[in-house]
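Okay, thanks everyone, I'll keep this short. Let me put the structure up, and then we'll talk about rings and cysteines.

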Amino acid sequence: MQPPPVSERDPESLERYLLSFRWPYRNEEVHRILVNGGLPLWRQVLRFVPNPKERGRALELGSPPFHITLLLQRFRNYDLVLTGYAADGRPELRQQLESPEFGETYEFVCTCFNAEADTFPYPDNSFDLVTWCEVIEHLTENPVHTLAEIHRVLKPGGALVISTPNASRADSIANFLAGRNIYDPYHLGAPLKGSRHSREYTLAELTDLLEGCGYTIERAADIDIYPPASRNRRIFRWLMNNVVSRITGGHYRYHLFVRARKTDAPFRWYFPPSLFDLGHLAFYMAPRHPEVTFGINDVPHIAMGWGDLQRDPSGREYRRSGQVGDIYLLVREPRTAATVTLAGGRGEAQAWHDNGGNLVLLGSTRFDAPPGRWTDVTIPLSADFEPGNPLHIRLDTEAGVDVHRVTTT
């Protein structure tokens, strides 16, 4: 018997298709709630996912419970790599889904890791597409890390598709004005340790974050994916979307969808003040690169005491240190020297292993760099250098120095 047709333009056929799948411990009522509530969202996600003529490779961040997975593999031309997060630390999740009605059986295998903290277990330039749907709002600390890893594993020109609730949606504003709670309920039973939404975004915040990190926005929209709950809500939505938005420039529809592209430009570790408290950011240090270029990846690698980012007449970006300027690198391969590109200061450039307070001096070099002239100062590293042990570069100066870059060889 021929299975019924399924079209991405026909929500009833999509609902029938998704509800047809069975798996161990499936709860019919819960499954129907998930599909009925999620289908309007998933259809919009499909509209933002490009469909290449030649077979591509796609990474889905946050695959369970596999509804978007099923739709992507049926309607888009990609080989899918699936991921998840396991609170118990298991490295892999497996789930078998079977649809007798459509004659389809799948065993989905998800690689588990923490996308907010871990290095993705994939080589550079591996994927034509990354989907990151209904995840960014759950992150508790640093979406820039995740965007950096997505950028790394995307091929040049590859697409990133994001969906997330709109923090300034009209329904939340209406709840606020009515004295009701605007926050998302707790998600007990969810894979993210029971968390609810930790931080929602406006469309301007989301696109600014992506562009600041080096992506180019191809398409971005706020979309009402659910009908209003009442006549009053319908009127309020209309006023917000057609009157208030013209005055404020804001976006008030329910959900945000963005398709961005990786360009040839390097990824920038961009921490916009609308998302990150700059006072606390001064204490944030998470070295992960063997080289630091100011304006590109300096923020996770420098300690307190640096001035604001500046640009010289040629466009080169730099910061000025105080009398002491500290930079940390993470170098995993053997190295014999570190080179600091600096100008406008004199003093000593030093290299250390901190070793939890048991300091080991690896090398030092005196320098006298004229203002406005970028000078490379090389610090030889002794045989005590340990790959994988953070390399601490300290600039001990008379009155500060401008620094553009630190490299290792």
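So, start with Arg169, which sits over the face of Tyr254, 5.1 Å from the ring centre. Keep in mind that this is a predicted model. There's another arginine doing this kind of thing: Arg199 lies over the face of Tyr201, and there the distance to the ring centre is 5.5 Å.

Now, the aromatic pairs. How many does the count come to? It comes to 17 aromatic pairs. Let me pick out one of them, Tyr215 with Phe267, an edge-to-face pair at 6.5 Å centre to centre, with 85° between the planes. Where do these two sit in the chain? Tyr215 is in strand S7, residues 215-223, while Phe267 is in the loop between strand S8 (255-262) and helix H8 (278-281), so the pair links distant parts of the chain, 52 residues apart. Are those two rings buried or exposed? Tyr215 is buried, at 4% relative accessible area, and Phe267 is buried as well, at 10%.

Back to Tyr254, the ring under Arg169. Tyr254 also pairs with Tyr226, again edge-to-face, with 5.4 Å between centres and 85° between planes. This pair links distant parts of the chain too: Tyr226 comes from the loop between S7 and helix H7 (231-248), Tyr254 from the loop between H7 and S8, and they're 28 residues apart. Both of these tyrosines are partly exposed, Tyr226 with a relative accessible area of 28% and Tyr254 with 21%.

One more thing on rings. Which residues do ring pairs link into a cluster? That would be Tyr17, Phe21, Phe66, Phe102, Tyr106 and Phe108.

Okay, cysteines. If you search the whole structure for disulfides, you find zero. A disulfide, remember, is a covalent bond between the sulfur atoms of two cysteines. So why doesn't Cys110 have one? Because its closest cysteine sulfur, the one in Cys112, is 6.5 Å away, which is too far for a bond; the cut-off here is 2.5 Å. Cys110 is buried, by the way, at 0% relative accessibility.

And Cys133? Its closest cysteine sulfur is the one in Cys110, and at 14 Å that's too far for a bond. Cys133 counts as buried too, with a relative accessible area of 9%.

That's what I had on the rings and the cysteines.

Conventions: Residues are numbered from 1 along each chain as its sequence is written. This is a predicted model: local features need pLDDT of at least 70, side-chain atom pairs count only at pLDDT 80 or more; totals for chains, interfaces and linings use all residues. Side-chain values use heavy atoms; hydrogens and water are left out. Buried means under 20% relative accessible area, exposed over 50%, partly exposed in between (1.4 Å probe, protein chains only). Rings of Phe, Tyr and Trp (its six-membered ring) pair if their centres lie within 6.5 Å; planes under 30 degrees apart count as stacked, over 60 as edge-to-face and the rest as tilted. Helices (H or I, at least four residues) and strands (E, at least two) are DSSP runs, numbered from the N terminus. A charge sits over a ring if NZ of Lys or CZ of Arg is within 6 Å of the ring centre and within 35 degrees of the ring normal.
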